[in-house]
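Open the model in your viewer and keep the sequence panel beside it. The tour below goes from one selection to the next and says what is found at each stop.

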Amino acid sequence: MRKLKQVNHLVGLLRPAMDDVQARHPSPLVVDAGSGNAYLGFVVYELFLKDAQAGELLSIEGRPELTERAKGRAERLHFDRMRFQTAHIDAAQYPERIHVLMALHACDTATDDALVAAIKHGADHVAVVPCCQAEVAAQLKEKRAKPAGSMSLLFQHPMHRREFGSHLTNVIRALTLESFGYQVTVTELTGWEHSLKNELILGRRVHRDNRRAKLQLQALLAETGVQPRLTRLLGITPATTGAAPVELPDGPEVESALEPGPESDERQA
């Protein structure tokens, strides 16, 4: 019941994204990355694609028994435009263009792999609910991260390190999406009584890139000393030592750095 509540609430938050891509694209492609039993994918298909003339949903899951189970369910329901692929998120074969990518509780760096796929394949909308962020906490523990001043007091104790590492991971994820031109919203998925894995990151691509956000991200990586998988895969490096602080204003000067994408919405496939 808790999982169903999370899925239903996420689908409600996805409605603007689905309405948008169905209005602008003749055959939108939705990817459910790390789909598990594909509960989320089935609800999305039922509500948005079943009665539509076109559009497909691709479920990607690394465990073959879950893929086969979901595939059989789709056949029984005659959900003919649901496709299934058995692969880990980082090794999946993606179509050239994705319109919506969603990942509910993709564990640890699997969420990073989902975000990389979304960014590289030009997803219009992204929705991820991260799970079990451990990589950055491990980097903090190994002392590869050596932030200056008293910041290290924020993760001196193991419990604080886990919480700080999880929070820092998702801040980096949000900034990374902004760097690649997404307008980002971070919110709760459901009440904390249903799940502690409850942080929802929504992104809508509105520009080609965002120079201000990228500079902030590079400064944050330098200040905290971490380099999570997401930034490594996308080639984002920490700001160099001695670089000038990020002081871009919030006015037209910043907006001019946000270049429009190479295609208009009408021409995007």
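Start by selecting Cys132, which is partly exposed, with a relative accessible area of 40%. Bear in mind throughout that this is a predicted model. The residue sits in the loop between β5 (125-131) and α5. Check its backbone: phi of Cys132 is near 55 degrees, a positive value in a residue other than glycine.

Next, select His105, in strand β4. Phi is positive here too, near 60 degrees, and His105 is again a residue other than glycine. Is His105 buried or exposed? Its relative accessibility is 17%, and the cut-off for buried is under 20%, so His105 counts as buried.

Zoom out for the whole chain. Its secondary structure comes to nine helices and seven strands. Of the 269 residues, 48% count as buried. Take the contacts between residues at least 6 apart in sequence: 78% of them join residues at least 24 apart.

**The strands around β2**

Now select residues 56-61, which are β2. Why can β2 be called largely enclosed by the rest of the structure? Five of its six residues are buried, so the description follows from that count.

Add residues 29-33, strand β1, to the selection; β1 and β2 run parallel and are joined by five bridges. Within this pairing, look at Ala33, which stands opposite Ile60 of β2. To get from β1 to β2, the chain passes through helix α2 (residues 39-49), and this β-α-β crossover is right-handed.

Then add strand β3, residues 82-86, which also pairs with β2 in the parallel sense, over five bridges. Keep Ile60 highlighted: its bridge partner in β3 is Gln85. Helix α3 (residues 64-77) belongs to the connection here, since β2, α3 and β3 make a right-handed β-α-β unit. While these strands are on screen, one general point helps in reading them: in a regular strand the side chains alternate between the two faces of the sheet.

**The second largest pocket**

Which residues lie closest to the centre of the second largest pocket? Select Gly34, Glu61, Ala106, Cys107 and Ala110, the closest of the 17 that line it. The pocket holds about 320 Å³ of space. Elements giving two or more residues to its lining are β2, β4 (100-107) and α4 (110-120). Strand β4 supplies the largest share, four residues. Colour the lining by class and you should find seven nonpolar, six polar and four charged residues.

**The largest cavity**

For the last stop, look for enclosed space. How many cavities of 30 Å³ or more does a search of the whole structure find? The search finds one, and the largest cavity holds about 40 Å³ of space. To display its lining, select Asp108, Thr109, Asp112, Gln133, Ala134, Glu135, Val136, Thr169, Arg173 and Pro228. The elements that give two or more residues to this lining are α5 (135-141) and α6 (158-179). By class, the lining of the cavity divides into three nonpolar, three polar and four charged residues.

Notes
Residues are numbered from 1 along each chain as its sequence is written. This is a predicted model: local features need pLDDT of at least 70, side-chain atom pairs count only at pLDDT 80 or more; totals for chains, interfaces and linings use all residues. Side-chain values use heavy atoms; hydrogens and water are left out. On a 1 Å grid over the protein atoms alone, a cavity is a set of points where a 1.4 Å probe fits but cannot get out, and a pocket is an open set with protein on both sides within 12 Å along at least five of seven lines; lining residues have an atom within 4 Å of a point. Grid points are joined across faces, edges and corners, and a volume is the space filled by probe spheres set on the points. Ala, Val, Leu, Ile, Met, Phe, Trp, Tyr, Cys and Pro count as nonpolar, Asp, Glu, Lys and Arg as charged, and the others, Gly among them, as polar. Buried means under 20% relative accessible area, exposed over 50%, partly exposed in between (1.4 Å probe, protein chains only). Two strands pair if DSSP finds at least two bridges between them. A crossover is right-handed if, with the strands pointing away from the viewer, the path from the first strand over the helix to the second runs clockwise. Contact means heavy atoms within 4.5 Å.
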